[in-house]
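Let's take a friendly walk through this structure together. Have the sequence and the 3D view at hand, and we will go from the rings to the ligand.

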Amino acid sequence: MNIGILGLGLIGGSLGLDLRSQGHYVLGVSRRESTCHRAVALGCVDEASVDMNLLAVAEVVFICTPLAHIMPTFEQLIAHLPFTTVVTDVGSVKAPIVKEISPLWNNFIGGHPMAGRTDSGIEAAIPNLFFQKPYVLTPVATTPIRAITVVEEIVRQLGATIYNSSPEEHDRAVSWISHLPVMVSASLIAACISETEPNVLPLAQKLASTGFRDTSRVGGGNPELGVMMARYNRSYLLRSLLHYRHNLDEFINLIEQEDWVALQEKLELNQQERPRFTGQLPEL
Ligand code: NAP
């Protein structure tokens, strides 16, 4: 199948690597000439260009630009496509994109691979990024069955696990498990670097080990992606952040009051619940 990728960065490049290894012919379009050359050299695409007309022969196009560029690039893209082309995107927020694109392009289905890395750009692209990771598709009532099945088949070939949801439920769910963690992790780093004792901060930096690496990873990643999550999923993210602040206050109160029993109960509940999010539930 001829598959187009618009936006050759971490996600677009990684997608290209996997689709080529599945035998698809991958056409890539990106903003910069240099990125197009790198994408070909790295084996992410068969051909690449800054000219969207390259995608005219693609049967399916994945839009993989940063969130703010998805709508503007889509508007330019459709001038080059026959109406039969299936278009999907990989944006981390779905409701605003699906709401704007669906009325303009019948063969559109929103998508979001739940896979990423701290690095960005074409150099960060790796094979098997999506393998055994969730991949959410957000069809709406008007999405043609063909568009759904074509994209589902490609996603299955990536080895990803498909989940269907409405765009709004997707945005509400990812505000908890993806966008809130970015802000919490970013606040953690910001709080640590506010230490004023001159000997303590360098010591803390030297002592930081796996715990800090785990908890700071998503907050120390691509700033553009964090801003986009906040801009496009603002209301659900604010809601999650307010709940989080409430929980943080509860922890502060328990520690101030030295209520170790209640603190123990809360931590025990968290210990029980975490495997439901990480898929590591003990066998019954
Ligand atoms: P990225 O590494 O920064 O790559 C985006 C690429 O898009 C850039 O390399 C840039 O290439 C290209 N681009 C920018 N503006 C463009 C335009 N107007 N026309 C054509 N190409 C353009 O970002 P990413 O992490 O792959 O994220 C891409 C999308 O995936 C975002 O919508 C994000 O929400 C979603 N997503 C990201 C993650 C993650 O963890 N990173 C996970 C799931 C979904 P040039 O070098 O040519 O400028």
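We can start with the aromatic rings: there are 0 aromatic pairs in the structure. Keep in mind as you look around that this is a predicted model. A ring can still have a charged partner, and here K266 sits over the face of F251, 5.1 Å from the ring centre.

Now turn to the ligand. Its surroundings are made up of 26 residues, and the closest are S30, T35, T65, S92 and G121. Two of these names come back when we look at polar contacts. The side chain of T35 places an N or O atom 2.5 Å from an oxygen atom of the ligand, and the side chain of S30 does so at 2.7 Å. The backbone takes part as well: an N or O atom from the main chain of L8 is 3.3 Å from a ligand oxygen. How much of the ligand's accessible area does the protein cover? On its own the ligand has 880 Å² of accessible area, and the protein covers 91% of that.

Next, let's see where the shell around the ligand comes from. Helix 1 (10-21), helix 3 (67-77) and strand 6 (108-113) each contribute at least two residues to the shell. Helix 3 gives the largest share, with 4 residues.

Finally, consider the chemical character of that shell. Sorted by class, the shell has 13 polar residues, 11 nonpolar ones and 2 that are charged. With that mix in mind, you can return to S30 and T35, whose side chains each have an N or O atom at 2.7 Å and 2.5 Å, respectively, from an oxygen atom of the ligand.

Definitions and conventions: Residues are numbered from 1 along each chain as its sequence is written. This is a predicted model: local features need pLDDT of at least 70, side-chain atom pairs count only at pLDDT 80 or more; totals for chains, interfaces and linings use all residues. Side-chain values use heavy atoms; hydrogens and water are left out. A residue is near a molecule or strand if one of its heavy atoms lies within 4 Å of it. A polar contact is a pair of N or O atoms within 3.5 Å; within protein, one must be able to donate a hydrogen and the other to accept it, and residues adjacent in sequence count only if both atoms are side-chain atoms. Accessible areas come from the Shrake-Rupley method with a 1.4 Å probe; for residues, only the protein chains shown count as cover. Ala, Val, Leu, Ile, Met, Phe, Trp, Tyr, Cys and Pro count as nonpolar, Asp, Glu, Lys and Arg as charged, and the others, Gly among them, as polar. Rings of Phe, Tyr and Trp (its six-membered ring) pair if their centres lie within 6.5 Å; planes under 30 degrees apart count as stacked, over 60 as edge-to-face and the rest as tilted. A charge sits over a ring if NZ of Lys or CZ of Arg is within 6 Å of the ring centre and within 35 degrees of the ring normal.
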